[in-house]
Structure formats: C-alpha cells, structure tokens
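These are my notes on the model, set out as numbered points. They cover two sheets and two helices.

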Amino acid sequence: MNKKQTETSVRVTERSLFYWILRRHRGMQLILLVVIVVSLFFKVFPLEMQKRIINRAIYLQDIDLLFLYCGLYIGAVTIAGLLKYAINVLQVSIGQKILVEMRNELYNHVLQLPLQFYRKMQAGTVISAMTAELNTIGFFLGGAIAIPVTSILTFLVFLIFMINLNPWLALLSTGIYPVELFVIPWLQKKYNNLNKKRVQTTRKMSNVVNEAITGIHEIHGNASYGLEERKLSSFVDKLYALMRRLFLVKYGIKFANNLFQSFGPFFLFLVGGYMAIHGQFTIGALVAFLSAYEKIYDPWKEMIEYYQSYQDAQIRYAQIMSIFDLDPPHLLLPDNRELLTLQGNLQLNNVSFSVPGGVTLLEDINLTVKANEQIALVGYSGSGKSTLALLIAQLYDASKGTISIDGHDIEAMSKADIGKNVAMIAQQPFIFSGTISENLLYGIKSIAGRVESVERAEIMEVVRQVGLQNDILRFGLQSVITPEKCRAFKQKFLRMRQIVCTTLRSEFENVIEFYDAQKYLYYSNIRDNIVFGDSLTGEFTIEHLPENKPFLKLLRDLSLEKPLMTLGYAIATQTVALLADFYDDEFFFRHNPMEMVEYRTYQQLLERMKGPVPEDSEARRLLLTLALRFIPKKHTIVSFPSALAEKILLARRGFQKQIVFIEPCQDHGEFALKPVSPQTDEEPTFIPFCPSEYLYSRTLRDNILFGAVKSEDILNDHFRELAASAFEDEQLLEEIMEIGLEFDVGSRGDRLSGGQKQKLAIARAFLKDAPIIILDEATASLDNSSQARIQGLLESKYKGKKTVIAVIHRLDLTPAYDRIFMMKSGRIVEQGSYDELMAKKGDFYALARTES
C-alpha cells in the first residue's frame, strides 16, 4: 500500500492538525531546522563581542581590537538577520504548501458529501470555512515546528550564556517566568471560548447575507429591506458584544506579557548594579547580561504567542472539520477494476426513502425497466416522481430496498461508474462559469478519453438538435474578435458585408443606416461621425477624446468646441429637470446619453455652472462626453441643429488628415488608405469605416452590417431570416458558431435565459452519450415548440438505443413512451402503456382528464 492510499484511508476530517504538519514536506522542514540550528551561533556570538569590546578593546584602549570585534559583531548580526529572513520565507512556503494540499483534499471530500448535507447546510458556512477560516490556519502551519524549536533552543542558549556570566543573577531574572506560565494560559482559555463563539456568530451572519443576496429579487419585490436589515442587525449586535469582550481579554494578555517582561530588568538593575558597584561584576559582563536578557525574552514571548496561535488554529480547525465530518456515501473510483460499461437494465426492489424526522417520501417501490426502454414517471405534485429519479441517479440513497443496474447494486457502484453510465437533466440545471463550450463538455470531462473522442461536428449536431443553434449564432455575431483570431476568415466576413451592402441592401435599408463617408449619420453618435473609425489602441474612445489635445485643438480650430459644449449643457439641463423624480430608475435612461449613475454628477455640475461653456477642465470634459454620445435619431431629449451636422463633416475630414493621417477618397465614400506621414507599424493603428477594412473593436455583426442599427427588433427578424442562408452559402456558419461556443455565460449562467440554460443542460447530457438518460421535468421551462423538439429527438434518435426515464408534467407527451408509471403519495399505483392506462380509467385517466 503506497503513501497516498495510506493517507486516503484516514478520512480527511478525522486527521489532527499535526497530521498535516508531520507528514508533509519533511525535506523542506528538515532544511528549516538546519538553518535554525546554524542561526543560533550567530545570535549568541554578538553578545560575546559586546563583552569583549568593553572589557578588552575599550579597557585596553586597543584600536585594532576595537575594529576587529566591531567587524565580527556587525558580520554576525547581518548573517543572523539573513538567516532569520530565510527562516521566515521557508515557514511561509511550507505553510502555504500544506494549506493548498489541505484545502484541495477537504474540497474533494466536501464535493462527495450527500445531497442531504447541502439541503440543511447554508452555502455561506461552507464558503467561509473553505476560504477565510482555512487561511488563518495556514499562517500557523508553516511555523508549527520551526517556531517552538527555534524558541526553545534560543532560550536555552541565551540562558546558558547568562548562567555562565552569573548563575544567581540568571535564575533571579528569569524566576518570574513560571508565574507567567500559569496566568497566560488561563487568559488564553477565556480568549479561545470567546473566539469560538465569534466564529459561530460570523458564520450565521454570513448565511444571512448569502441568503439575502440569493433571494434579492424577493427582497426587491416585497420591499422587505427593513426585515432583512433587522435579521442582520441581531447578529451584528451580538458580534459587537463578543468582539468587545474578545479584545478586553486579548489586551489583558498583552498587558500581562509586558508586566512580566518589566520585572526582569528591575531585578537585573537592582542586583546587577549592586554587584557592579562592589566590583563583583564587570561593566562589560553587565552589558552583555542585559543584552542576553533582552534576547532571552524574545523566544519566551514567541512561545507564548505560539501557544495562543496554536489554540486559535486548533479551535478553527476542529470547527471546520466538524462541519464536514461525514463519510461520502460512495467511492469516487472503483477499487482495482475498470469503470463499468452498462446496458441500462434497471431493477428496484421494495425501495423506500425517508428524510430526517421520519417523513417517508417513497414506500415499497418495485420497478423493472429493460435496456433501451423509455418510461415516463407521472403523478400529482409531491407524489415522489423526482425523488425516485434522484434515487436511480444515485443522488439520494434508498433508506430500504435495493436498486440495481445490469445486476450491479448502485450502493456498491462508485460515483465514476454512475457518472459514465447515467446522464441526469434537472428541472433547474446549474450552468457553471465559463464558456458555452466548457459547459457542453462538462459532463464528459471526467470520463477518461471521452473529451478527446468528441469531434466538433458532433457538438454542432447536438446543438442543432436541441434548438441552440440560433442562440449560439447570435452569441457569435455579438462577439468582438481579436485580429489574430479573425485573420483566418477575415475575407469571408468582408464578403458577407459586401452581400449585405449590395445584394441584400434593399432588404436592410429600413433597419440599417450604412456608413457613408460623405454623409452625416443620424443613427450614429457624434463621436462616430467625427472619428469615423476606430483605433486599435483605444485612444479615440468617447472616454478619452475629451482629454485628447490634438482632438480638442481641431474642435477649436473649426469653432466646434463651443457648440458641442452647448449641446452637452442642453442635454444635462433637460435630463436633470425631467428625471428629477426618476433618477434612480434605469428605464428612463434607455434613450438618453446620460447614464443613471451619472445623474448626481451632472446635477451637481449644473448647480455650480453659470453658463453653457464652463472654464474648469473637468466640467468641459463632462459636457463634451455627453455631446459625443448624442445620437440625433435616438436621443430626442434635445433637438439637433442642422448647421452642426455640416461642421461635424468638416471635423471628420480634419480628423482624417491632421490626426490619423489618411486621405479620404471621394469616390462612393470609400477610403483609399494613403498615408500622409510615414507609417511605422505593419498594420495601421487607426481603421476607418471603410468597406474594405475589418473593424476589430466592433462585433462581428457590426462588421457585417457596416452601419448603425435603426431598429433592433426589426433587425433581429431580418438578420435571422436573410443572413443564415447567406452564411451557409459562404461556409461561414460553422466559423460563427465556433465563435459563439466561446461565449462567456457569466456567473451561474446569468447571461443566458432560462430556456437557453435548459437547452444547454440537455445538450450537455446528450453529448455524454450515457446508456441511461434521466430527465427530471427537463423541458418544463421550454416553450411548447422546444418541448416538442426534444420529445421528437428522444423518439427519433434514442428510441431503442437508450434507457430513458422521464419525469413529466405534460401528459400530452406521454403517448410516445413505452410505459407510464403513475405515482401517488410515494407509491406506484398504475403502470402500462398510454392506451392501456386510458382504457383502465384509473388515476392516470383522471389526471389526464383534469389536465385537458
């Protein structure tokens, strides 16, 4: 049995704190001990040099000896400091390495705990225990051996040195230490008890905050801010009282330490001074003795602090491990065998399931399902359908009876066996942070060799089958692609632009205002009208332009700065006046250049302004920003002077020639990229709105449409209908979907709709290609057509090829299943085909009639 197997035989929550310290990174700890022992010499040596400097060099007035002893002294002090630095670095490194291993093994254990554990355990408690509380323990781990060894050896070395100088004086000055050994642990015990209560209170407070954040929509919907504040306040008040008592004891410990430290010098000066006056003790020896006493207290103090940190770490460690002190119900991997490859024959014999408190959810379930058979579990709400599905998926464990797959009891099967052979789709699936592609492959990443065997064509096929194609296509079109990634199919995208701007131009003119270098664009903002392009460096964004000196000079030369300031002032004045009662509602800022979070800023700006053109630079920046955001056809809060459009066109030409150094071509509004000044880069950093240029800072859709959108709603319908076939013709569909698969779904998939999440979860399960598929009302959040699509897929692709167990709430979908099991009050009351159960006119018939 190897080391890893030996360690895993001891449950992670049953290991003591020193289990980790004594069994991990022994080589580094041995090096640390060697460095500690070597450092002791360089700690004591300077004391001997102090004595010799006074008693020999100064007393004999020997300059050479003085230089020698001082050199040796400073050398020893420097080496001692470097060794101390090395000790600290090694301690931290060892502690963090042990902490990483502890956290990883504990996290692995936590993930394998049964679902019932998470039903009663608040997420905030788990998060706090795994992060902040473990971090505190990490600081102790690195010095768990080094600190006591260093302190004890240092204490003994200095004590021996003091005894060598004067035994009675050494014993007298250190005689107070035994009293401290009694007082400090007594105070520390009181501190530990208070700290334990603090940790428990902090966890409860964390749970309240976590619950509030998770249910924030309910808080907003019910305006229950005061109620939630009172919940938290009760814990805040309790925590305040605990912290006050905690610090009283903590500073009491410090006071006791300082008091005991002062007694030693008192006896030393009293007795040592008396002896020196009477010639019984040399001045050099007294100085060395005093230095040694100051040094001897440092290791003593470190031992006291070590005891305190050990007690604190021990309490935290015990509390953390007590939270997760459960045995995982199943092995992660099978013992000494390959993963099972199952066909999908299910057998349930007298299966019952109860929850704590004696409530029985399922009772005496007997069920046989043949491989590749498709069955439906139906029944009234609370009849136990989903619970039964969770038992078959090994997510719950039966309280009584047996469940077997192909004759293998699932109680004896490992999680990896189930993971390979069962695909579970929940009604509320969880989507992980990351890309769509990562989520699609999540279910097969743990199956050895499965990820490598999945071809991109297989992923695309499943995406189409579940109805995710249009969504992923849209995500791809909304993506901004880097120059490196775009280079491979840049010309194809530009070809698509040509098709939209020429072949399909008449179809899109009502929804797109195409870029034209000779015209003012009323659906684009003033910034786009002046700059008429994008910089790869980001220097010509709306945020940066108001501070761009060449740009501001251009506006002044064309007498355009003042009109833009006036426009910005008018926008700010109208917005502040009209939205005074709605400034905290984002809805009213949808068609306004001002953002909701800026309202107060502009309100305060107007209060201190005396006219539309301010003097200070910050006010000018704010007004110019508003003006540059202004879109005449969308921002109707102020009118747009026609004369301003002509000046902006002049500014566009000036910007091209004077700032980005390109010559506009007068033919059809296209740019001929003719540099006015030498270009140093291989590609220009500024890219104009030119039909032949790809705009790297814009989305793929913006690049293809090559213009400003007039109506998003109409465009979406147009684009979906006309562009998809064109993409197919140009062989661009796969490339755009590849880009869409890399769309970041956000935390918990919050950038996806409920239907998109459900489709993604279904596709994830189908890609897994497991012999058994369990659907727990998996299509409930889909529209009727999407539900019909998934049901059709089960019939056409998986009929006779997969064992399908579906918990269904729509009974009109049940005729497609081989058999239907009707559940009521935790029991199976009827089973048979759809026609058989309808003819029987029992519970299923009554439920179907009720639904219809």
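1. A term first: two strands are counted as paired if DSSP finds at least two bridges between them. The model is a predicted one, and the points below should be read with that in mind.

2. By that criterion, β1 (residues 346–355) and β2 are antiparallel partners joined over 7 bridges. Within this pair, F353 stands opposite L362 of β2.

3. The sheet that holds this pair is open and has 4 strands, ordered β2-β1-β4-β5, with antiparallel pairing. Its edges are β2 (359–369) and β5 (408–409), each of which pairs on one side only.

4. Strand β1 also pairs with β4 (residues 400–405), again in the antiparallel sense, over 5 bridges. Here Q347 stands opposite S404 of β4. S404 in turn stands opposite D409 in β5, so a reader can follow the register from β1 through β4 to β5 by way of S404, given that paired strands are those with at least two bridges between them.

5. The β4 and β5 pairing is antiparallel and runs over 2 bridges. These strands form a hairpin with 2 residues between them, and D406 has a positive phi near 55° there. Please look at D406 when checking the backbone of this hairpin.

6. Which order do the strands of the 6-stranded sheet take? It is β6-β13-β14-β3-β15-β16, in an open sheet with mixed pairing. The edge positions belong to β6 (422–425) and β16 (827–832); each has a single partner strand, so one side of each lacks a neighbour in the sheet. From one strand to the next, the twist averages 15°.

7. Parallel pairing in this sheet is seen between β3 (residues 374–379) and β14 (residues 803–807), which are linked over 4 bridges. I375 has I805 in β14 as its bridge partner.

8. Helix α31 (residues 754–768) lies across β6 and β13 (772–776). The helix runs at about 175° to β6, one of the edge strands in point 6.

9. Is the span of α6 close to or far from the expected value? This helix (residues 123–141) has 19 residues and reaches 26 Å from first to last C-alpha, close to the 27 Å expected at 1.5 Å a residue. It nonetheless has a kink of about 40°, centred on L134.

10. L134 is also among the buried residues of α6. Others in that set include E133, I137 and G138, as well as G124, T125 and V126. F140 and L141 are likewise buried.

Note on methods: Residues are numbered from 1 along each chain as its sequence is written. This is a predicted model: local features need pLDDT of at least 70, side-chain atom pairs count only at pLDDT 80 or more; totals for chains, interfaces and linings use all residues. Side-chain values use heavy atoms; hydrogens and water are left out. Axes are lines fitted to C-alpha atoms, for helices over the stretch in contact, and angles run from 0 to 180 degrees between N-to-C directions. Contact means heavy atoms within 4.5 Å. The expected span of a helix is 1.5 Å times one less than its number of residues. The bend at a residue is the angle between axes fitted to the seven residues ending there and the seven starting there. Buried means under 20% relative accessible area, exposed over 50%, partly exposed in between (1.4 Å probe, protein chains only).
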